[in-house]
Amino acid sequence: MKEIILSADGDSVLYLVPDAVAENLEEYCLKFCSDWLWNSPEAEKYRVGNAVCYTEADFIEYLNTYVFPDCESKMIKNLGPTDLGGYLPEEYKDRPYYNF
């Protein structure tokens, strides 16, 4: 398990996720928001007309439910507003970061 930072145009949040997610964060995030949200029947609750509405917590739920059900991702700490990762505390600057 490795640490990553996610945001959805709000606070940046530190999560612990499977190594594969941390090492390929953009790939997993894009699959979630460009494919799964639009095409999966399980994602119907996120669709609003011609748009989707979700947060980084929904991505973590997707990982835990559909991708890595035996390896739970979890929130570690809310880092607060970081201007899309531009103002991360020094101790977290090396973590993979993705803003939805």
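Me: Why is Glu3 called partly exposed?
Reply: Its relative accessible area is 25%. Buried means under 20%, exposed over 50%, and partly exposed lies in between (1.4 Å probe, protein chains only). So Glu3 counts as partly exposed. This is a predicted model: local features need pLDDT of at least 70, side-chain atom pairs count only at pLDDT 80 or more, and totals for chains, interfaces and linings use all residues. Residues are numbered from 1 along each chain as its sequence is written, and side-chain values use heavy atoms, with hydrogens and water left out.

Me: What makes Glu3 and Arg95 a salt bridge?
Reply: Their closest N and O atoms are 2.7 Å apart. A salt bridge needs a side-chain nitrogen of Lys or Arg within 4 Å of a carboxyl oxygen of Asp or Glu. The pair therefore qualifies. It links distant parts of the chain: Glu3 sits in strand 1, and Arg95 in the loop between strand 5 (74-80) and strand 6 (97-99), 92 residues apart. Helices (H or I, at least four residues) and strands (E, at least two) are DSSP runs, numbered from the N terminus.

Me: How do you know that Arg95 is partly exposed?
Reply: Its relative accessibility is 22%. That falls between the two cut-offs, so the label holds.

Me: What makes Lys2 and Glu23 a salt bridge, and what does the pair tie together?
Reply: The closest N and O atoms are 2.6 Å apart, so the distance rule is met. Lys2 lies in strand 1 (residues 2-7) and Glu23 in helix 1 (residues 19-23), so the pair ties together parts 21 residues apart in sequence. Lys2 is partly exposed at 33%. Glu23 is partly exposed at 49%.

Me: Why is Glu90 called exposed, and which label does Lys93 get?
Reply: Glu90 has 64% relative accessibility. The exposed label starts over 50%, so Glu90 earns it. Lys93, at 46%, is partly exposed. Their side chains meet in a salt bridge, 3.8 Å from N to O. Salt bridges that share partners also join Glu3, Asp94 and Arg95 into one network. By the same rule, the count comes to seven salt bridges.

Me: Why is the protein chain called as compact as a globular protein of its length?
Reply: The protein chain has three helices and six strands, in the pattern β-β-α-α-β-β-α-β-β. Its radius of gyration is 13 Å, close to the 13 Å that the globule rule gives for 100 residues, so the description fits. The radius is taken over C-alpha atoms, and the rule is 2.2 Å times the number of residues to the power 0.38.
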